[in-house]
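Student: Could we go through this structure together? I would like to discuss helix packing, empty space and a few individual residues.

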Amino acid sequence: LFVAGTTGESLLMTTEERKHLTEELVHAVGNKLNIIPQVGCLDTATTIDLARHAFAAGAKAVGVVAPGFFTYDAAALKAHFKAVAKAVEGPVLLYDIPGCAKNKISVELTIELAREVENIVGMKESDNDMVSFGRLVAELPKDFVLINGVDEYSYQAYLTGAKGSVASTGNVAAKFLLGVYNNIQKGDLKQAWAFQQKLNEVCKMFRYGGLHALLKEALRLQGIEAGYVRPPQRELTAQEKRRLAKDMERLGLV
């Protein structure tokens, strides 16, 4: 379980809340599943604190999003990620999502970190750039775990060489995501592409990360109470809820 990422609203949570979340999840799942908390923050010290806590609590690995708001060059980002990785003994996954974090983890920087830092072992790539994704697959060490983070590119990413996905839509429409993955594994590309088209419809329905309340309301419609968003995010209007319910029914998700 990749938790406290973008969909998990981690940057709207306090440090103590994020620690508590990791502790409760590890306690809840025991050895059944691996927990990978996203520990990235706006500063290096708090990121290190959360990373150390996550491993102490029993997490399998940690994800680290690029720090945002300020503009950082490659040297600053490299120093940040190396400091976090060297502060812990477990596996570290980079998390590249420049559309939210502002700062891009470039192909060149990713390759440098993968080669120079032993416990930086993978990355969740959410940059909407399949050209760069292809370069990463071609130029990274073969044992580096490259994970797709753009649901609309799942089909293309798997064929290019992604080892898996961290997908916000998977919380509500796992059957479509699995339809893409399983059919590619079987070599049925036509069927995989058909499932990708359904997954694209789900992305449109959720405005693909533009309004987190849509995902929480969708889960409620499926009988799962997921709580509510934290301000300054907003809840849905009555009209938006009605539209979502119709779309969920149309796509066979309720």
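Tutor: The discussion below takes these topics in turn, and the model is a predicted one.

Student: Let us begin with packing. At what angle do H3 and H5 pack, and how far apart are their axes?

Tutor: Helix H3, residues 74-86, packs against helix H5, residues 107-116, at an angle of about 35°. Their axes are 11 Å apart, and H3 passes H5 in a right-handed crossing.

Student: Which residues make that contact?

Tutor: H3 contributes Ala74, Leu77, Lys78, Phe81 and Lys82. From H5 come Leu109, Glu112, Leu113 and Glu116. By class, the contact of H3 with H5 has five nonpolar and four charged residues, with no polar ones.

Student: Turning to empty space, how many cavities of 30 Å³ or more are there?

Tutor: The structure holds two of them. The largest cavity has a volume of about 70 Å³, and the second largest cavity has about 40 Å³.

Student: What lines the largest cavity?

Tutor: Its lining consists of Ala4, Arg18, Lys19, Leu21, Thr22, Pro37, Gln38, Val39, Leu50, His53 and Ala54. Helix H1 (15-29) and helix H2 (44-57) each supply at least two of the lining residues. The largest share, four residues, comes from H1. By class, the lining of the largest cavity has six nonpolar, three polar and two charged residues.

Student: Threonine 22 is in that list. Is threonine 22 buried or exposed?

Tutor: Threonine 22, which lies in helix H1, counts as buried because its relative accessibility is 5%, under the 20% limit. Leaving aside residues up to four places away in sequence, threonine 22 touches Pro37, His53, Ala54 and Ala57. Of these, Pro37, His53 and Ala54 also line the largest cavity.

Student: And which residues line the second largest cavity?

Tutor: Glu125, Asp127, Asn128, Asp129, Met130, Phe133, Asn148, Val150 and Tyr153 line the second largest cavity. They divide into four nonpolar, two polar and three charged residues.

Student: Now the pockets. How much space lies in the second largest pocket?

Tutor: The second largest pocket holds about 420 Å³ of space. It is lined by 20 residues, and the closest to its centre are Thr6, Ser10, Leu11, Cys100 and Ala101. The lining of this pocket has twelve nonpolar, seven polar and one charged residue.

Student: A change of subject: why is H10 described as largely enclosed?

Tutor: Helix H10, residues 212-221, is largely enclosed by the rest of the structure because nine of its ten residues are buried. The buried residues are His212, Ala213, Leu214, Leu215, Lys216, Glu217, Ala218, Leu219 and Arg220.

Student: What covers the buried residues of H10?

Tutor: The cover includes helix H9 (189-205) and helix H11 (238-250).

Student: What comes just after H10?

Tutor: Glycine 223 is found there, with a positive phi of about 90°. Proline 231 is placed in the loop between H10 and H11.

Student: Is proline 231 buried or exposed?

Tutor: Proline 231 is exposed, because its relative accessible area is 61%, over the 50% limit.

Student: How far is proline 231 from lysine 78?

Tutor: Proline 231 and lysine 78 are 153 residues apart in sequence, and their C-alpha atoms are 32 Å apart in space. Lysine 78 is one of the H3 residues in the contact with H5.

Definitions and conventions:
Residues are numbered from 1 along each chain as its sequence is written. This is a predicted model: local features need pLDDT of at least 70, side-chain atom pairs count only at pLDDT 80 or more; totals for chains, interfaces and linings use all residues. Side-chain values use heavy atoms; hydrogens and water are left out. Axes are lines fitted to C-alpha atoms, for helices over the stretch in contact, and angles run from 0 to 180 degrees between N-to-C directions. A crossing is left-handed if the near helix is turned anticlockwise from the far one by less than a right angle, and right-handed if clockwise. Contact means heavy atoms within 4.5 Å. Ala, Val, Leu, Ile, Met, Phe, Trp, Tyr, Cys and Pro count as nonpolar, Asp, Glu, Lys and Arg as charged, and the others, Gly among them, as polar. On a 1 Å grid over the protein atoms alone, a cavity is a set of points where a 1.4 Å probe fits but cannot get out, and a pocket is an open set with protein on both sides within 12 Å along at least five of seven lines; lining residues have an atom within 4 Å of a point. Grid points are joined across faces, edges and corners, and a volume is the space filled by probe spheres set on the points. Buried means under 20% relative accessible area, exposed over 50%, partly exposed in between (1.4 Å probe, protein chains only).
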